[in-house]
Amino acid sequence: FGQYPCVLLSLADLSGSTWDEQYQKLVILIAKLYRNHAGMLLEFIDPDQQTLYNSIKTKTAPKQELKLSLQYLSMWYFEVYQRKTIFVIDEYDRGLEMLFQSLINQKVDSSEQYDWSDYTKAVQFYSSFFQSALKDNKYMYKSMMFGVSRVAKAGIMSGLNNVKVYTLLDNRYIDKFGFVQSEVDMLFNTFQLSQNGISMDQIKNMYNGYQTSSPDVVLYNSW
């Protein structure tokens, strides 16, 4: 970091119980992403590319262009700064998780058949969206993805190469999934929480909920 352009996309705010609703929210999130990067890119790229940039920024681009929107950002960063891009994508699986939960909630009668049409449309879109940025993209340097579902060699991530998965069961990054005890102690003392009648035992009861591969690492859930 510090040497390469970094594109951070969080899908935590995705909402909608149908694919159409969710896609409209995604259009808004990508438009916001483009507005955030406009100062670094927009005036430096070719006029015809500015038209494409603005169509995504103003939520008027067709769906096919939105599928390539992350790849476009990395391409423009390379053209302007001669540096490949690092992608950081938070809650990459949020959209599919919401549609799946909506599907389960709608099926009340066990004799009914699940309607997978919205879920299938979402899988097709996200597959193209992520793979255009993370696989078929010569302008990407590295990427980090965070989510609940394990990145598998199937579904929307089936085409990715050289994927490394780190979970709470891997020692290398277990202290990165929440606050460790020393950090909680520092925050507790810095904000003098004991003077407000809050004890460390109360904090443990509310936020200390992670089990890791190391008994020496105590993690607090930051949410």
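**Figure 1. Strands β2 and β3 pair in the parallel sense, and 6 bridges connect them.** This close-up, like the others that follow, shows a predicted model. Within the pairing of these two strands, Phe87 has Ser143 of β3 as its bridge partner. Strand β2, which covers residues 85-90, is mostly covered, since 5 of its 6 residues are buried, and strand β3 covers residues 140-146.

**Figure 2. Strand β1 runs parallel to strand β2, and 5 bridges join the two.** Strand β1, made of residues 6-10, turns Val7 and Leu9 to a covered face, while Cys6, Leu8 and Ser10 belong to its uncovered face. In a regular strand, side chains point alternately to one face of the sheet and to the other. Two residues of β1 can be followed across to β2: Leu9 stands opposite Ile89, and Ser10 stands opposite Asp90. Of these two, Leu9 is part of the covered face of β1, whereas Ser10 is part of the uncovered face.

**Figure 3. The strands and helices of the protein can be placed in the order in which they follow one another along the sequence.** The secondary structure comes to 8 helices and 5 strands, and reading along the sequence gives the pattern β-α-α-α-α-β-α-α-β-β-α-α-β. The protein has 223 residues, of which 35% count as buried, and its C-alpha atoms fill a box of roughly 60 × 55 × 35 Å along the principal axes.

**Figure 4. The rings of Phe100 and Tyr119 form one of the aromatic pairs in the model.** The count of such pairs in the structure comes to 21. The ring centres of Phe100 and Tyr119 are 6.3 Å apart and their planes meet at 65 degrees, and because planes over 60 degrees apart count as edge-to-face, this pair is given that name. Phe100 lies in helix α5 (residues 94-106) and Tyr119 lies in helix α6 (residues 117-134), so the pair ties together parts that are 19 residues apart in sequence. Both residues are partly exposed, Phe100 with a relative accessibility of 35% and Tyr119 with a relative accessibility of 23%.

**Figure 5. Seven aromatic residues, Trp19, Tyr23, Tyr92, Phe125, Tyr126, Phe129 and Phe130, are linked by ring pairs into a cluster.** One member of this cluster, Tyr23, also has a charged residue as a partner, because Lys63 lies over the face of the Tyr23 ring, at 4.5 Å from the ring centre.

**Figure 6. A nonpolar patch on the surface is formed by Phe100, Ile104, Tyr114 and Trp116.** Together, the four residues have about 350 Å² of accessible area. Ile104 is found in helix α5, the helix in which Phe100 also lies. At a relative accessibility of 31%, Ile104 counts as partly exposed, and Phe100, at 35%, is partly exposed as well.

**Figure 7. Asp175 and Lys176 form a salt bridge.** The structure holds 1 salt bridge, and in the pair shown here the closest N and O atoms are 2.9 Å apart. The two partners fall into separate classes of accessibility: Asp175, at 32% relative accessibility, counts as partly exposed, whereas Lys176, with a relative accessible area of 59%, is exposed.

**Figure 8. Leu169 and Asn162 both belong to the loop between β3 and β4.** Leu169 is exposed, with a relative accessible area of 66%, and its C-alpha atom is separated by 36 Å from that of Ile28, a residue 141 positions away along the chain. Asn162 is also exposed, at 78% relative accessibility, and although it is not a glycine, it has a positive phi of about 55 degrees. For most residues other than glycine, phi is negative.

**Figure 9. Gln192 has a positive phi, near 50 degrees, although it is a residue other than glycine.** The place of Gln192 is in the loop between helix α7 (181-190) and helix α8 (200-207). With a relative accessibility of 42%, Gln192 counts as partly exposed.

Methods: Residues numbered from 1 in each chain as written. Predicted model: local features only at pLDDT ≥ 70, side-chain atom pairs only at ≥ 80, totals over all residues. Heavy atoms only, no water. Phe/Tyr/Trp six-rings, centres within 6.5 Å; stacked < 30°, edge-to-face > 60°. Helix = DSSP H or I, 4+ residues; strand = E, 2+ residues; numbered from the N terminus. Buried < 20%, exposed > 50% of the residue type's maximum accessible area, 1.4 Å probe, protein only. Lys NZ or Arg CZ within 6 Å of the ring centre and 35° of its normal. Patch = residues over 30% accessible without salt bridge, like charges linked within 9 Å, V, L, I, M, F, W, Y side chains within 5 Å. Areas by Shrake-Rupley, 256 points an atom, 1.4 Å probe, with all protein chains shown as cover. Salt bridge = Lys/Arg side-chain N within 4 Å of Asp/Glu carboxyl O. Pairing = 2+ DSSP bridges.
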